[in-house]
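Visitor: I would like a close look at a single part of this model, the side of one chain that touches the other. Please add whatever backbone geometry stands out elsewhere.

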Amino acid sequence: MSAELLRECYEIQGGNFDTAGEISGEIKTILRDLGIDAVSLRRVVVVAFEAEMNVVMYARRGTLTLILTDEEVNLEILDEGPGIPDLELAFQEGFTTASDEMREFGFGFGMGLPNMKKNSDELKIETEVGKGTSVFARIRLDAHE
Amino acid sequence: MNELTHGFRIIPEKCDGCMACMRACPTRAIRVKKGLARVIPELCIDCGSCLGVCATGAITATTITFAELDRFKFKVAVASPALFTQFGMKDTPVQVGQALLALGFDAVWKYAVDIELIDRAIRDYVQKSPGPFPLISNSCPVVVRLVQVAYPTMVGQLIPLEAPREIAGRELKRHYSRMLGLEPEDIAAIYITPCQAKTISILHPAERGGSYLDGAVGISQIYNDLLAIMRKSPGGADAEKLGGGSGEWFLSRAPEGEFPNLSREHYLPLQGLSDITKVFDDIEKGKIRNVEFLECHACQGACIGGNLTIENLYVARSKNLRLVSSRSDSSSEFLREVDRRFADEDFSLRAPLKPRDSEGKDLELRKRVERKKQAVEFLKALPMLNCGLCGAPTCRSHAEDAAMGRDKIEECVFLSQDRIHSLRDIYKKRCPEPDRRAR
């Protein structure tokens with residue numbers, strides 16, 4: 001891994017749909033102003049948003065850390081939440097444990113993890129039921145298309 | 001890139017450095033240094049907000065003059081539907097068209113067919129697109145530029161089809177060159193425009209392809225002349241003489257082509273830059289789902305609210321409603337023409353739309369990050385009052401300017417007291433001496 005250029009850490013408040021998405025918005029602004037190419041930027045924003053929403057929907061609180069290097073963007077999302085009992089199932093498109101209320105907000109259609117996987121070059125998830133979940137996503141900055 | 005790539009220019013002799021434009025600019029593209037406004041070209045999206053607030057007339061729209069049209073053998077006006085909403089309730093589109101002829105145009109193109117064609121092409125495109133959604137209309141040049149500059153990740157959502165006015169330009173050249181035996185280069189297609197942004201979309205298209213139009217004349221530029229002609233010889237409509245196009249002036253809908261045929265729940269019409277920005281922010285955050293298409297106009301009221309129109313927006317809108325409601329249903333001849341051309345023509349943009357390069361894009365990432373961190377440091381020393389006296393619209397802009405070497409951080413009056421003296425010298429010409437006033 002090449003040298004770290006920038007590291008920003010953000011607190012995510014669980015259950016707060018009002019401000020949900022603000023952290024991914026902030027990350028987008030930072031990376032856009034740094035002139036990150038649009039394709040990579042889009043991938044980062046999708047992963048950051050889905051991760052942020054997962055924390056908002058399921059956890060009490062969590063943190064999202066953005067780490068930028070010369071070659072890639074790393075996102076680390078740690079939460080104190082219920083954990084994911086069956087990770088394989090959670091990666092299936094359309095599988096969701098979202099409540100009706102969450103779906104009313106337009107979330108929880110079972111695309112979260114599949115979307116994150118699709119938009120990152122590496123995705124690692126460590127989870128323990130009753131304790132929380134850690135997500136590590138890596139998005140390369142060289143052209144994807 | 002230089003200032004010429006934008007739809008207006010600033011006349012230094014007229015600028016009194018009042019900063020109204022700097023404060024009005026939604027992309028913070030204007031700086032006022034030493035009492036003079038200037039534009040940072042890569043940030044400007046041609047919205048014209050500065051034009052509307054300039055009290056001294058120092059900012060003017062780039063349009064063409066009639067003298068420039070003399071090199072063409074045949075001149076055709078393509079009138080924005082907004083033009084017809086600018087006159088009295090009793091003035092008909094035919095009268096307006098005749099006044100355009102009297103003004104020196106050889107023909108007036110009725111482009112209802114072209115609008116209908118693009119409407120169909122967009123519906124088609126939206127239905128066949130695999131996403132990502134929502135797709136965004138591109139007929140407003142300001143919206144296209146806003147996406148290129150501020151929402152680069154959404155550039156792929158702009159619909160890659162030509163605007164109706166471009167299709168009109170292409171078709172009228174084909175039509176008249178065949179009819180009159182002229183070369184297409186001898187025929188001028190001149191757009192009568194409600195805003196300066198359309199001018200720039202003709203001179204410098206956002207996708208860097210070409211334009212089928214040869215220039216634009218602002219509605220406000222010819223309004224008085226048209227009005228005088230119409231008042232001198234009212235009535236006497238002979239629509240046949242007006243020539244080209246489909247025989248329809250208006251579609252039974254609002255100007256510049258809106259899309260009543262798209263399903264309402266999957267389609268949002270947006271007007272005004274601040275509202276558009278709010279929705280775009282939500283889209284980037286992934287908050288807006290199940291919407292397939294956004295029709296976006298940077299001006300409130302869409303094109304009838306353009307900054308080169310004359311009539312009050314609400315009066316114009318009422319006139320527009322009257323014009324639309326008095327139109328009969330599309331004739332079978334009209335629909336046949338639409339069907340024929342839809343099967344024959346390609347409406348794709350000639351080049352793909354790309355994000356606009358930001359300043360310093362060539363620097364290596366490490367340098368850009370250093371600059372960003374420098375800006376954060378600079379910002380800590382600034383008062384966050386956004387007073388503008390440094391010549392930048394916000395403290396944040398000033399910190400960024402200083403970090404990228406556009407300006408010195410000491411230009412802030414809180415950091416160097418001398419600055420207020422030099423400002424007093426620059427603006428003295430317009431302020432009475434304070435001590436004399438006190439006596």
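Guide: What follows takes the contact side first and the backbone geometry after it.

This is a predicted model, in which local features need pLDDT of at least 70, side-chain atom pairs count only at pLDDT 80 or more, and totals for chains, interfaces and linings use all residues. Residues are numbered from 1 along each chain as its sequence is written, while chains are lettered from A and ligands numbered from 1 in the order in which they are written.

Chain A has five helices and five strands, where helices (H or I, at least four residues) and strands (E, at least two) are DSSP runs numbered from the N terminus. Along the sequence of chain A their order is β-α-α-β-β-α-α-α-β-β. Chain A has 145 residues, and 39% of them count as buried; a buried residue has 20 or more other C-beta atoms within 10 Å of its own, an exposed one 12 or fewer, and a partly exposed one a count in between, with C-beta atoms placed from the backbone. Of the contacts in chain A between residues at least 6 apart in sequence, 65% join residues at least 24 apart; a contact means that the C-beta atoms of two residues, placed from the backbone, lie within 7 Å.

Now the contact side. In chain A, 19 residues are in contact with 18 residues of chain B. At least two residues of this side of chain A come from each of β1 (4-13), α1 (22-33) and α2 (38-58) of chain A. The largest share, six residues, is supplied by α2(A). By class, the side of chain A that touches chain B holds nine nonpolar, five polar and five charged residues. Here Ala, Val, Leu, Ile, Met, Phe, Trp, Tyr, Cys and Pro count as nonpolar, Asp, Glu, Lys and Arg as charged, and the others, Gly among them, as polar.

The backbone geometry concerns chain B. Most residues other than glycine have a negative phi, and most peptide bonds are trans. A cis peptide bond links B:Gly131 to B:Pro132, with omega about 0°, and another cis bond links B:Phe133 to B:Pro134, with omega about -5°. B:Pro132 sits in the loop between α4 (112-128) and β7 (135-136) of chain B, and B:Pro134 is likewise in the loop between α4 and β7 of chain B.

B:Met19, not a glycine, has a positive phi near 75°. B:Met19 belongs to the loop between β1 (8-10) and α1 (20-24) of chain B, and counts as partly exposed because it has 19 C-beta neighbours inside 10 Å. B:Lys34, also not a glycine, has a positive phi of about 50°. B:Lys34 is in the loop between β2 (30-33) and β3 (36-39) of chain B, and is exposed, with 11 other C-beta atoms within 10 Å.
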